[in-house]
Amino acid sequence: MFDKIKSKFQGIIQRLSEREIKEYELNEILDEFMYSLIESDVSYDTANHIIEFIKRKLIGRSIPRFKANLKDIVKNVVKEVLLEILISGRCDDLYDTILSSAKKPYVIVFFGVNGVGKTTTIAKIAKYLMDKGLKVVLACSDTFRAAAIEQLKYHADKLGIRMISHQYGADPAAVAYDAIEHAKSKGIDVVLIDTAGRQHSNVNLMEELRKIVRVVQPDLKILVLDALTGNDAVTQARYFNDNVGVDALIFTKVDADIKGGAIISVLYELKKPVFFLGVGQRYSDLIRYNAQEILDMIINK
Ligand code: GDP
């Protein structure tokens, strides 16, 4: 009897001290957040989905009737939602992934459009794995672009490892196949395959990539994206994933003044692991992906 009165009394107090959030009071604040997401290079579609999701999460939520700062409440929910998207990129270290697989050689194919930093990233990864004691060979399956072979050879020489190549115009799948055969015969642990980076919408390129994948059956297909390209990174990610399938991502040029939106949009769309971030032009400028650091980058802009 006494408990019943007590809980009724608590209910009245709660009704007096709390109220529910209404849609009309959120609109202006959420418009502001939508604008700042787009300013941070988040694609329009992604920003729109995020804002709608946040709206649904907040309408009807109880908040203190007095002293509640709605903007702060919204800001915290925005952070939670962004972090949730970014966390979908978390994954094991690449070295651990290779070790825990029984495959030898472990074969990784790299995709990406021209200029994103694919070749530099392959060299950085080769160095990273070599420093941990693995034997690596490079395959130049870009038989299309002038200077592609010389560029990869330059890195192979600097790192003191072999690069397998054929002449320009040769079949890229055959180069990759040869590199794997070489690795098998020499007891090499990892084969890193560089591919041609023409425009992602190039039909021949996609056919060529599909053939490489069919022939070598790689253990990992990594898409390299330039974090500075904003919306275009989403288009590239969608296109490569639909056409050849993407297992994991690497974002480059994160050392430049990026706003982080490309990472949010691509992860929102693809939800794939991010093995590394490129943070400069030296071999050591490769860091593990950290969701909280990217969130801070976006929020503090
Ligand atoms: P690819 O055409 O995709 O193979 O690109 P490259 O590897 O040739 O790189 C294109 C340019 O981007 C080069 O000048 C690289 O030094 C530069 N680059 C690659 N990764 C990074 C990075 O993480 N940060 C910065 N600042 N530059 C990078």
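## Helix α9, the ligand shell and some backbone details

Gln-217 has a relative accessibility of 54% and therefore counts as exposed, since the cut-off for that class is over 50%. The structure described here is a predicted model, and the residue just named is a convenient entry point to it. Gln-217 sits in the loop between α9 and β7, and although Gln-217 is not a glycine, its phi is positive, at about 45°.

The helix that Gln-217 follows is α9, which runs over residues 203-216 and has 14 residues. From its first C-alpha to its last, α9 reaches 20 Å, close to the 20 Å expected at 1.5 Å a residue. Its buried residues are Leu-205, Met-206, Leu-209, Ile-212, Val-213 and Val-216. Seen down the axis of α9, these buried residues fall within an arc of 120°, so they line one face of the helix. The spacing fits a general rule: an α-helix has 3.6 residues a turn, so residues three or four places apart point the same way. On the other side of α9, Val-203, Asn-204 and Arg-214 are exposed. The partners of the buried residues of α9 include both strands and helices, for they pack against β3 (106-111), β4 (136-141), β6 (190-195) and β7 (220-226), as well as against α8 (172-186) and α10 (231-243).

The ligand is surrounded by 16 residues, of which Gly-115, Lys-118, Thr-119, Thr-120 and Gln-151 come nearest. Helix α6, which covers residues 118-131, gives the most to this shell, with four residues. The table lists three contacts between protein atoms and an oxygen atom of the ligand.

| Residue | Protein atom | Distance to a ligand oxygen atom |
|---|---|---|
| Thr-120 | polar side-chain atom | 2.5 Å |
| Lys-124 | side-chain N or O atom | 3.5 Å |
| Val-279 | backbone N or O atom | 3.4 Å |

Taken alone, the ligand exposes 580 Å², and the protein buries 80% of that area.

Away from the ligand description, Thr-46 in helix α3 (residues 44-58) can be considered next. With a relative accessibility of 2%, Thr-46 counts as buried, because that class takes in values under 20%. The side chain of Thr-46 makes a polar contact with the side chain of Ser-43, at 2.6 Å. When its neighbours within four places in sequence are left aside, Thr-46 is in contact with Ile-264, Ser-265 and Tyr-268.

Two further backbone details deserve a check in the model. What is the form of the peptide bond from Lys-104 to Pro-105? That bond is cis, with omega near 0°, and Pro-105 has its place in the loop between α5 (94-100) and β3. The strand β3 also appears among the elements against which the buried residues of α9 pack.

The other detail concerns Lys-253, which has a positive phi of about 60° although it is not a glycine. Lys-253 lies in the loop between β8 (248-252) and α11 (261-270), and its relative accessible area of 29% makes Lys-253 partly exposed. Gln-217, for its part, also combines a positive phi with not being a glycine, but Gln-217 counts as exposed at 54% relative accessibility.

Notes
Residues numbered from 1 in each chain as written. Predicted model: local features only at pLDDT ≥ 70, side-chain atom pairs only at ≥ 80, totals over all residues. Heavy atoms only, no water. Helix = DSSP H or I, 4+ residues; strand = E, 2+ residues; numbered from the N terminus. Expected span 1.5 Å × (residues − 1). Buried < 20%, exposed > 50% of the residue type's maximum accessible area, 1.4 Å probe, protein only. Arc of directions from axis to C-beta. Contact = heavy atoms within 4.5 Å. Near = heavy atom within 4 Å. Polar contact = N/O pair within 3.5 Å; in protein donor to acceptor, adjacent residues only side chain to side chain. Areas by Shrake-Rupley, 256 points an atom, 1.4 Å probe, with all protein chains shown as cover.
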